[in-house]
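Hi everyone, and thanks for making time for this. I'd like to walk you through a structure that is probably new to most of you, so please have a look at it while I talk.

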Amino acid sequence: MRLPNVSLLLPLMAILSSIPTLAGEEAKQPGLLSTAQRADLVSLANSAESELKTDILPFWIKHAPDREHGGFFGLVTNDLTVFQDAPRGMLLTARILWTFSSAYRKYQDPQYLEMARWAYADLESRFRDKEQDGYFWSVKPDGTPVLDGKQIHGQAFAIYALSEFYRATGEKPALDRAIEVYRLIEKHSRDRQHGGYLEAFTRDWKRPPGKRLNETGPECSKSQSTHIHLIEAYANLLRAWPDAGLRSDLKKAIEVMLTHTLNKSGKHLVLYFDADWSPRSEIISFGHDMEVAWLLTDATEAVGDPELLKAVNKTSLALVESTLAEGLDKDGSVFFTTTPKGISDDNKEWWVQAEAAVGFINAYQISGDARYLAAAQRVWDFVEKFLIDRKNGEWVFRVTKAGKVASQGAKISMWKCPYHNGRACMEIADRIRAITGGEK
């Protein structure tokens with residue numbers, strides 16, 4: 001059975017057609033910003049780029065590598081206590097590889113290339129399964145597998161990182177490896193009955209009875225998170241390797257996201273699913289809504305399908321508008337989760353604010369509605385006031401509604417990485433300079 005095509009998006013489009021157009025007559029187009037608005041935008045771009053180059057990237061260069069044993073420490077707390085024996089995660093290594101490859105491609109700083117090479121070596125020597133192929137989810141510091149199953153979420157980040165390393169260096173073995181992993185996913189993970197991609201596999205690529213993506217999610221066959229990260233990975237690979245088959249697979253994956261991962265309102269994402277796309281959760285994650293809002297636009301632009309882009313952009317604006325209406329605190333930050341009964345977790349996590357800032361700017365670029373620029377500025381103001389760690393560097397994992405650093409959370413871990421905030425800083429700077437014509 002073929003994956004859905006655009007013709008199957010008609011039910012979704014019917015839902016979206018009931019959502020008011022968000023950029024009305026009063027919306028300002030990019031060229032019509034006032035002098036004060038342009039000045040504020042330039043200041044925001046410069047602030048984000050400075051945070052990247054003077055805090056985020058130097059922190060990871062200094063504190064993440066295990067210079068004695070290779071690779072990266074698996075756990076470092078907010079006060080910089082290192083847990084030497086903590087398991088190492090391939091997700092962290094892949095995200096470091098992507099971040100520093102992207103930073104090197106943008107700035108050509110040799111420190112960034114050195115860090116990217118360190119991560120590339122770690123990914124290939126410590127996490128690559130040379131017997132069954134693909135990458136282990138986690139290993140001990142000596143490289144012995146801890147969780148040897150093949151999470152598609154992790155395989156996607158391998159593609160994302162390897163293709164970016166190739167784009168930064170031109171080293172073809174990294175591209176060849178990314179293509180190999182793409183073909184593995186298409187062979188083992190694609191669900192040819194219901195569409196989309198199955199979540200997890202054993203080491204030898206068999207389906208386990210049930211698998212969690214993380215400690216808090218339910219056992220599920222599919223997840224929104226894995227699908228969007230697979231889409232961003234395929235889009236990045238397509239930029240490095242413009243293959244017709246890959247382009248077709250990426251387009252189908254985007255169509256699947258539009259068709260199956262939105263809830264009935266069309267304004268939020270469902271997080272977890274059974275194989276037939278029956279929802280397994282009702283919690284709404286504002287961070288995922290905002291991340292998907294801009295990543296779908298970015299990936300669809302890589303595909304180059306104008307009609308699909310129209311549907312994606314309308315979905316993106318619906319997700320962002322819902323966050324504006326339901327997910328913002330009075331201080332401009334974005335809450336973590338909500339349910340049909342109301343906000344269920346009012347903490348403010350670092351990655352949510354990072355993705356929200358980019359999502360708001362992307363919404364402005366789609367619509368010309370300056371409300372979104374104001375929202376992005378307020379999120380960034382919150383980041384500077386509450387999340388950037390002025391004492392120990394980088395960003396704290398989480399703060400409470402009152403702005404107090406939460407006791408749980410780490411500075412470096414499987415999930416705490418430089419990818420969300422590092423990427424956000426680069427996206428903010430690049431997008432604003434596109435809006436302002438490169439003004440600095």
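I'll begin with the whole chain and then visit a handful of residues.

First, please keep in mind that this is a predicted model. How confident is the prediction, going by the mean pLDDT of the chain? The mean is 91, and 91% of the residues reach 70 or more. One stretch calls for care, though: over residues 1-30 the pLDDT stays under 50. The model does have 61 contacts for that stretch beyond four places in sequence. Still, where pLDDT is low, the predicted coordinates should not be read in detail.

Now to the overall build. The secondary structure comes to 13 helices and twelve strands. If you draw a box along the principal axes, the C-alpha atoms fill roughly 60 × 55 × 45 Å. Does the radius of gyration agree or disagree with a compact globule of 440 residues? It agrees, because such a globule would have a radius near 22 Å and the chain has 21 Å.

What about the inside and the outside? Of the 440 residues, 59% are buried. The accessible surface is about 17300 Å², and carbon and sulfur atoms account for 51% of that. Contacts also reach across the sequence: taking those with a separation of 6 or more, 68% join residues that are 24 or more positions apart. As for charge, the chain has 55 positive and 58 negative charges, and their mean positions are 1 Å apart.

Let's move on to single residues, beginning with two that have a positive phi. Glutamine 108 is not a glycine, yet its phi is positive, at about 60°. You'll find glutamine 108 in the loop between helix 3 (90-107) and helix 4 (110-127). Is glutamine 108 buried, partly exposed or exposed? Its relative accessible area is 47%, so glutamine 108 is partly exposed.

The second one is tryptophan 277, another residue other than glycine, with a positive phi near 75°. Tryptophan 277 is in a loop too, between strand 7 (272-273) and strand 8 (284-285). Here the relative accessibility is 7%, so tryptophan 277 counts as buried.

Next, two glycines in helices. Glycine 245 belongs to helix 8, which covers residues 244-260. With 33% relative accessibility, glycine 245 counts as partly exposed. Its C-alpha atom is 14 Å from that of alanine 302, a residue 57 places away along the chain.

Glycine 154 is in helix 5, residues 152-169. Its relative accessible area is 0%, so glycine 154 is buried. Which residues does glycine 154 touch, leaving aside those up to four places away in sequence? They are Met90, Leu91 and Trp137. For a sense of distance, glycine 154 and leucine 324 are 31 Å apart, C-alpha to C-alpha, with their positions 170 residues apart in sequence.

On to glutamine 224, in helix 7, residues 224-240. Would you expect to find glutamine 224 buried or exposed? Glutamine 224 is buried, because its relative accessible area is 0%. Beyond four places in sequence, glutamine 224 touches a set of residues that includes Met257, Leu269, Val270, Phe273 and His288. Leucine 33 is 191 residues away from glutamine 224 along the chain, and their C-alpha atoms are separated by 36 Å.

My last stop is arginine 398, which lies in strand 12, residues 398-399. Arginine 398 is buried, since its relative accessible area is 13% and the cut-off for buried is under 20%. Which residues are its contacts beyond four places in sequence? Among them are Asn347, Lys348 and Glu349, as well as Lys404, Val405 and Gly409. Aspartate 346 sits 52 residues from arginine 398 along the chain, with 11 Å between the two C-alpha atoms.

If you take one picture home, let it be a chain of 13 helices and twelve strands, with 59% of its residues buried. And please remember the caution about residues 1-30, where pLDDT stays under 50. Thanks for listening!

Terms used:
Residues numbered from 1 in each chain as written. Predicted model: local features only at pLDDT ≥ 70, side-chain atom pairs only at ≥ 80, totals over all residues. Heavy atoms only, no water. pLDDT = per-residue confidence, 0-100. Contact = heavy atoms within 4.5 Å. Helix = DSSP H or I, 4+ residues; strand = E, 2+ residues; numbered from the N terminus. Rg over C-alpha atoms; globule rule 2.2 N^0.38 Å. Buried < 20%, exposed > 50% of the residue type's maximum accessible area, 1.4 Å probe, protein only. Areas by Shrake-Rupley, 256 points an atom, 1.4 Å probe, with all protein chains shown as cover. Lys, Arg positive; Asp, Glu negative; His and termini not counted. Charge placed at Lys NZ, Arg CZ, Asp CG, Glu CD.
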